[in-house]
Amino acid sequence: MSNPSRQRSTPRFDSIPAAADNGLLDRREFLRGGVAVAAAMTGFVVARSASAEALTDAPWSQRAGGISSAVERRSRFEEKVVRTLSNPNGEPRTQHARTPHHLLNGTITPNSMHFTIVHNGTPDIDPDKHSLVIHGMVKRPLLFSLDALSRYPMESRMAFIECGGNSAPLFSPKPVKGGVQDLHGLVSCAEWTGVRLSTLLDEAGVDAKAKWLIAEGADMAAVSRSVPVAKAMDDALVALYQNGERLMPGNGYPMRLLLPGYEGNMSVKFLRRIKLIDQPAMTYYESRNYSPLLPSGKAYQFYFVQEVKSFITHPSPGLALQGQGLYEISGIAYSGNGRIARVMVSADGGRSWAQAALQEPVLSKAFTRFRAPWRWNGGPAILQSRAWDEAGNAQPLRAQFIAERGETKTVPSVNGFPNQHYNSITSWAIDSNGEVLHAYA
Ligand SMILES: Nc1nc2c(c(=O)[nH]1)N[C@H]1C(S)=C(S)[C@@H](COP(=O)(O)O)O[C@H]1N2
Ligand SMILES: [Mo]
């Protein structure tokens, strides 16, 4: 009562219209920003009140700073921002490195944080000794050195890559002890630059009877996948650059196939061969690993598209709430079918929903950042997000999704029944201490 600033701002804060139950506020008021929201926040002491005299000269303000290095490294205070490794000693099996989405923001995954999956280690490829061959059902078989490729017209596009096994822990019957990195760390988004595969195929002259191609990598696993020629001609890229620099070794240096919106496994890294064929090759990775079984006993033969999905990154496990008041709920949405059309968020486990703001630009087959203002009243809450894409697909609700797709009996693994292509809801439960835990609701 005796705090005048609190008295002034609280009514204005309360004047932001509610958009759903349990504290979700209207996104338009939030985006309008400025006065109303600033006033609203002071009422809840997000920043302390201060005047310019409060500034003191810290040691770093009193002497010259460090020497610039040829390759910039991030602040030493950011060392906790790391990928988590499934196979840190490099045993002869698949290695996963997962993106820490809760420690990043925006829509671009920095190259050092882009997830990687390598089935047989990352090869140490000398770019001068690497080339790409296009052969099979073509008029002119062709061989491209990296230099030759670099003379073709290039283009850049934003695209997410997601492993079909991303989010597999959510097939478990009980909530998982883990956060957004454990659950959703096998998806990332970058700006990829390279040569359109259609340009190279046109030059080789594809036989009209060739409906598929096999893409093969130069690593010891020789990952190879069959790709419909229609997709290759549509938006496939032979990518040479990732967020402006040459591909990272783990992401396919010196060149990779990029199939926007398709299951990550098909974006063959260390690309060395494309063979045009008239039917799918039924390679190991398409006939065993990435052909999920359904409870009915049937299996998906091909499951190319990563369907519409979203999850909240802030708040999420490991990012406890620091007292009641205003928070921004923010997360990532994407669809292999095109642009995100709408994201709804809930603070009461899916009983009521408010529309989130989509941050521009909203790009096809790329991450879209969504944001929604939320006033936490200190009580229990269950946060969820649900996305729709421009093709009209909705992210499925969990009960229906699990009924159709099954759940695992035990601790889930990335491979095998039925842990592929989870695109249903993720729930974060918030307790009265502000702790955030994975839950089912
Ligand atoms: N040659 C080759 N390509 C590969 C792989 C591999 O091990 N070797 N892993 C695949 C898998 S399973 C996925 S999900 C994506 C991951 O791409 P990223 O590591 O660049 O994120 O690459 C795919 N391409
Ligand atoms: Mo994958």
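Gly 205 comes directly after helix α6 and has a positive phi, near 75 degrees. The model is predicted. The points below cover helix α6, an open sheet of four strands and the surroundings of ligand 1.

**Helix α6**
- Helix α6 spans residues 197–204, and its buried residues are Leu 197, Ser 198, Leu 200, Leu 201 and Ala 204.
- These buried residues lie on the same side of α6, because the arc they cover around the axis is only 160 degrees.
- The residue that follows the helix is Gly 205, with the positive phi given above.

**Open sheet**
- The strand order in the sheet is β14-β15-β19-β18, with antiparallel pairing.
- The edges are β14 (309–314) and β18 (357–358); each has a single partner strand, so one side of each has no neighbour in the sheet.
- Nine bridges join β15 (residues 325–334) to β19 (residues 368–376) in the antiparallel sense.
- Leu 326 is placed opposite Arg 375 of β19.

**Ligand 1**
- Ligand 1 is surrounded by 21 residues, and the closest are Phe 115, Asp 219, Asn 251, Arg 256 and Lys 269.
- Backbone atoms also approach the ligand: a polar backbone atom of Ile 117 is 3.1 Å from a ligand oxygen atom, and a backbone N or O atom of His 119 is 2.9 Å from an oxygen atom of ligand 1.
- A polar backbone atom of Ser 267 lies 3.2 Å from a nitrogen atom of ligand 1.
- On its own, ligand 1 has 530 Å² of accessible area, and the protein covers 100% of this area.

How values were computed. Residues are numbered from 1 along each chain as its sequence is written. Chains are lettered from A and ligands numbered from 1 in the order in which they are written. This is a predicted model: local features need pLDDT of at least 70, side-chain atom pairs count only at pLDDT 80 or more; totals for chains, interfaces and linings use all residues. Side-chain values use heavy atoms; hydrogens and water are left out. Buried means under 20% relative accessible area, exposed over 50%, partly exposed in between (1.4 Å probe, protein chains only). Helices (H or I, at least four residues) and strands (E, at least two) are DSSP runs, numbered from the N terminus. The arc is that of the directions from the helix axis to the C-beta atoms. Two strands pair if DSSP finds at least two bridges between them. A residue is near a molecule or strand if one of its heavy atoms lies within 4 Å of it. A polar contact is a pair of N or O atoms within 3.5 Å; within protein, one must be able to donate a hydrogen and the other to accept it, and residues adjacent in sequence count only if both atoms are side-chain atoms. Accessible areas come from the Shrake-Rupley method with a 1.4 Å probe; for residues, only the protein chains shown count as cover.
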